[in-house]
Amino acid sequence: MQAWQVHENGEPSEVMRLADVARPEPGDGQVLLKVRAANINFPDVLMCRGHYQVRPPLPFTPGVEICGETEDGRRVIANPALPYGGFAEYAVADTAALLPAPDSLDDAEAAALHIGYQTGWFGLHRRAHLEAGETLLVHAAAGGVGSAAVQLGKAAGATVIGVVGGAEKADVARALGCDVVVDRRSEDVVAAVKEATGGRGADVVYDPVGGEAYTQSTKVVAFEGRIVVVGFASGTIPNPGLNHALVKNYAILGLHWGLYNTKNPKLVQHCHEQLVELAARGAIKPLISERVPLAGAADAVQRLGDGETTGRIAVVPTGAQA
């Protein structure tokens, strides 16, 4: 079969190599899956660079999120068990963690219903307890993680402010349902958010960016507001001033979704059921901006790492051959 492999750490376009390799052998409690679609996530970029908290042994195949097919023909959503990731014709996953792919979504959309939407659901509902009528601010609102949070926020009855970088991404954020869109390249984010909220600020801030975005968040978070720290796509990890959180009376909430798979897997299943129901009634629908063949994976991962993408890019193998 064909699979992308990383033999040394570096930029994805330089270290990802497409090769003919043997199909992976599933271990105890694992299953072999034919990859129907694999979505590209920022952890794929970080793993190529050697900057992610999980460092699979070299060589490894990136791709942490797939819609796959079991030997008996069932469509499932899975996080492949590294080093046998999803940018390949076949991948390996833990049997106990498989989730049914909803009939309302195609393969690429089903794959994208997992990490980004689970992260959004846990961040907004489990950690921040977002309520209807509150204001939600989403950084990188046109991206894969941000677009999921926007849709989930709207589904929860919140007013959503999306921050983006560039006019094209602003159009995407509006189409996703943002009530207010702020282009950080041409607008003062802090001033725009304060104007949009009558000076009150945002009740919940969803931040997958870090760096300057986090600093902006602290300036616009409302009284008793909650900042959900999801990731650091900017490459800069903030050092929050806890005196500031005390004086303004807001909460800083960390979210590492992957921990729930081991700490509370039943809650992951419950979340999936909620997401499937929302997808079935059209309240959420993963934004797939591109579908690329397996040969285009390295270029697509690099573009995500360079901040040039919107929504999700799906890698769709043309066929699974031995």
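This briefing covers a sheet, the helices that pack on it, and a contact between two other helices. The model is predicted. Its open sheet has six strands with parallel pairing. Elsewhere in the description, helix 2 packs with helix 12 at an angle of about 100 degrees.

**The sheet**

- The strands follow the order 10-9-8-11-12-13.
- Strand 10 (180–183) and strand 13 (251–254) are the edge strands; each has a single partner strand, so one side of each has no neighbour in the sheet.
- From one strand to the next, the twist averages 20 degrees.
- Strand 8 (residues 135–139) pairs with strand 11 (residues 202–207) in the parallel sense, over three bridges.
- V138 has Y206 of strand 11 as its bridge partner.

**Helices on the sheet**

- Helix 4 (residues 115–127) lies across strand 8, strand 11, strand 12 (221–229) and strand 13. Helix 4 runs at about 150 degrees to strand 11.
- Helix 8 (residues 212–220) also packs on the sheet and touches strand 8, strand 11, strand 12 and strand 13. The direction of helix 8 makes about 155 degrees with that of strand 12.

**Helix 2 and helix 12**

- The axes of helix 2 (residues 42–49) and helix 12 (residues 297–305) are 9 Å apart.
- Angles of 65 to 115 degrees count as roughly perpendicular, and helix 2 and helix 12 are therefore roughly perpendicular to each other.
- Helix 2 contributes F42, V45 and R49 to the contact, while helix 12 contributes V301, L304 and G305.
- By class, this contact of helix 2 with helix 12 has four nonpolar residues, one polar and one charged.

Terms used. Residues are numbered from 1 along each chain as its sequence is written. This is a predicted model: local features need pLDDT of at least 70, side-chain atom pairs count only at pLDDT 80 or more; totals for chains, interfaces and linings use all residues. Side-chain values use heavy atoms; hydrogens and water are left out. Axes are lines fitted to C-alpha atoms, for helices over the stretch in contact, and angles run from 0 to 180 degrees between N-to-C directions. Helices (H or I, at least four residues) and strands (E, at least two) are DSSP runs, numbered from the N terminus. Angles under 35 degrees count as roughly parallel, over 145 as roughly antiparallel, 65 to 115 as roughly perpendicular and the rest as oblique. Contact means heavy atoms within 4.5 Å. Ala, Val, Leu, Ile, Met, Phe, Trp, Tyr, Cys and Pro count as nonpolar, Asp, Glu, Lys and Arg as charged, and the others, Gly among them, as polar. Two strands pair if DSSP finds at least two bridges between them.
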